[in-house]
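Reader: I am new to this structure. Please pick one part of it, look at that part closely, and then show me how the rest of the chain is arranged around the metal sites and the core.

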Amino acid sequence: HAQQAGRNIHAVYAEWMKGSVEQDIRLLADLRSAIGTPQLLLHYQPRIHANSGRVGGAEALLRWRHPEHGLIPCERVIRLAEQHDLMEPLGQWVLNEACRQMRSWQDAGHQDWRISVNLSSRQLGSGQLLGQVRQILEHNGLHPSRLILEISESVVMHDADTTSTSLRALAALGIGISIDDFGTGYSSLLQLKRLPATELKIDRAFILAVEESDEDVVIISAIIALGHALNMDVVAEGIETQGQRTYIERLGCDYLQGNQLGQPVSAESFMRLHGGVALPAVDHSEP
Ligand code: C2E
Ligand code: MG
Ligand code: MG
Ligand code: MG
């Protein structure tokens, strides 16, 4: 029966991810009015410096607690926003909220931490991004080096010429550029060389079976060697077990991320678990 229930949960989840047109329309209206309310929030997953074992910062991950439907899968929220012109305000909100949190960590003495924020393809393609990021950093009193922007490999390589121009301007400010889900897209090494990336983030598909699969070990080692040769940090995401962690550490990744090291949690829990400081609550009653 437990198995049956598990299957049902997956069926419901799959249904949600797909989403009918009617569902999308209703959800879209809800999402539009959720921006700026406590329904939308960021969770933070620690990024651990492999050599020292210390927290080096966090990745901000979007969460939408729908009043009726509960937690909506992240990918669905992003896809909805991208398809219906909501990505601009949503992306702005995420960037600002993440930078606000980083500022409060900095004020609490964590000057060496960095905040990683995911960018969607829409944001990257818009001509507004550079100006917006600069303004948000300035507004929150953050040096550009405190921010890392994560872009999925498939997005960045899709239109490498356009994206590399806007990424170059961001990188010139000192912002970190991370190629997310690395190994699952279609990187040409020539394009990779031209990108102003500062970091490669190995997709968790390669981490999953690292203990059993010689092939995955070879691939991870090759990505690490490639990243280091191009002067980039290499991060492993999705580490779930001590065994995987030990393996990955030995292979020489610079930063580690995954549930074994710390799940994505609210700012309050992050403070309790990792020593940061949570922001004071925002008064959402103001219009
Ligand atoms: P991502 O950037 O690759 O983020 C990593 C995902 O893996 C997150 O899923 C995280 O919760 C999950 N994760 C972390 N550790 C583990 C682990 O040990 N095991 C497993 N199985 N999973 C782990 P999440 O939060 O559902 O986000 C999914 C994707 O949605 C992200 O993938 C990112 O592409 C996108 N996303 C999330 N927040 C934002 C955002 O604010 N803006 C944009 N544009 N995209 C976002
Ligand atoms: Mg990411
Ligand atoms: Mg990733
Ligand atoms: Mg991923």
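Author: In helix α3, which covers residues 74-83, the buried residues are Arg76, Val77, Leu80, Ala81 and Glu82. An α-helix has 3.6 residues a turn, so residues three or four places apart point the same way. The list for α3 includes Arg76 and Glu82 as well as Val77, Leu80 and Ala81. Just after α3, Asp85 has a positive phi of about 65°. All of this describes a predicted model.

Helix α4 spans residues 87-107. With 21 residues, α4 reaches 30 Å from its first C-alpha to its last, close to the 30 Å expected at 1.5 Å a residue. After α4 comes Gly109, where phi is again positive, near 105°.

Helix α4 also leads into the interior. The largest nonpolar core holds 73 residues, and those with the most contacts inside it are Tyr44, Ile115, Leu147, Ile202 and Ile248. Helix α4 supplies the largest share of this core, nine residues. Ile248 shows what such a position looks like: apart from neighbours within four places in sequence, Ile248 is in contact with Ile207, Val210, Ile220, Ala236, Ile239, Cys253 and Leu256.

Ile202, another of those core residues, belongs to strand β7, residues 199-202. Both faces of β7 are covered, with Glu199 and Lys201 buried on one side and Leu200 and Ile202 buried on the other. Strand β7 pairs with strand β6, residues 176-182, in the parallel sense over three bridges. Ile202 is the bridge partner of Phe182 in this pairing.

Next come the metal sites. The magnesium ion (ligand 2) has as protein donors Glu59 (OE), Asn118 (OD1), Glu150 (OE) and Asp180 (OD), at 2.0 to 2.2 Å. Along the sequence these donor residues are spaced E-x58-N-x31-E-x29-D. Two of them link distant parts of the chain: Glu59 sits in strand β2 (residues 55-66) and Glu150 in strand β5 (residues 147-152), 91 residues apart. Glu59 and Glu150 are both buried.

The magnesium ion (ligand 3) has Asp180 (OD), Asp181 (OD), Glu237 (OE) and Glu237 (OE) as protein donors, 2.1 to 2.5 Å away. Glu237 is thus listed twice. The spacing of the donors of ligand 3 along the chain is D-D-x55-E.

Asp180 belongs to both sites: this residue bridges the magnesium ion (ligand 3) and the magnesium ion (ligand 2), which lie 4.0 Å apart. How buried or exposed are Asp180 and Asp181? The cut-off for buried is under 20% relative accessible area, with exposed over 50% and partly exposed in between. Asp180 counts as buried because its relative accessibility is 6%. Asp181 has a relative accessibility of 22%, so Asp181 counts as partly exposed.

A few totals place these parts in the whole chain. The chain has 13 helices and nine strands. Of its 287 residues, 47% are buried. Among contacts with a separation of 6 or more, 68% are between residues 24 or more positions apart. The accessible surface of the chain comes to about 14300 Å², and 52% of that belongs to carbon and sulfur atoms.

Definitions and conventions: Residues numbered from 1 in each chain as written. Chains lettered and ligands numbered in written order. Predicted model: local features only at pLDDT ≥ 70, side-chain atom pairs only at ≥ 80, totals over all residues. Heavy atoms only, no water. Core = buried A, V, L, I, M, F, W, Y, C linked by side-chain atoms within 4.5 Å. Buried < 20%, exposed > 50% of the residue type's maximum accessible area, 1.4 Å probe, protein only. Helix = DSSP H or I, 4+ residues; strand = E, 2+ residues; numbered from the N terminus. Contact = heavy atoms within 4.5 Å. Donors = N, O, S within 2.8 Å, 3.2 Å for Na, K, Ca; no water. Expected span 1.5 Å × (residues − 1). Areas by Shrake-Rupley, 256 points an atom, 1.4 Å probe, with all protein chains shown as cover. Pairing = 2+ DSSP bridges.
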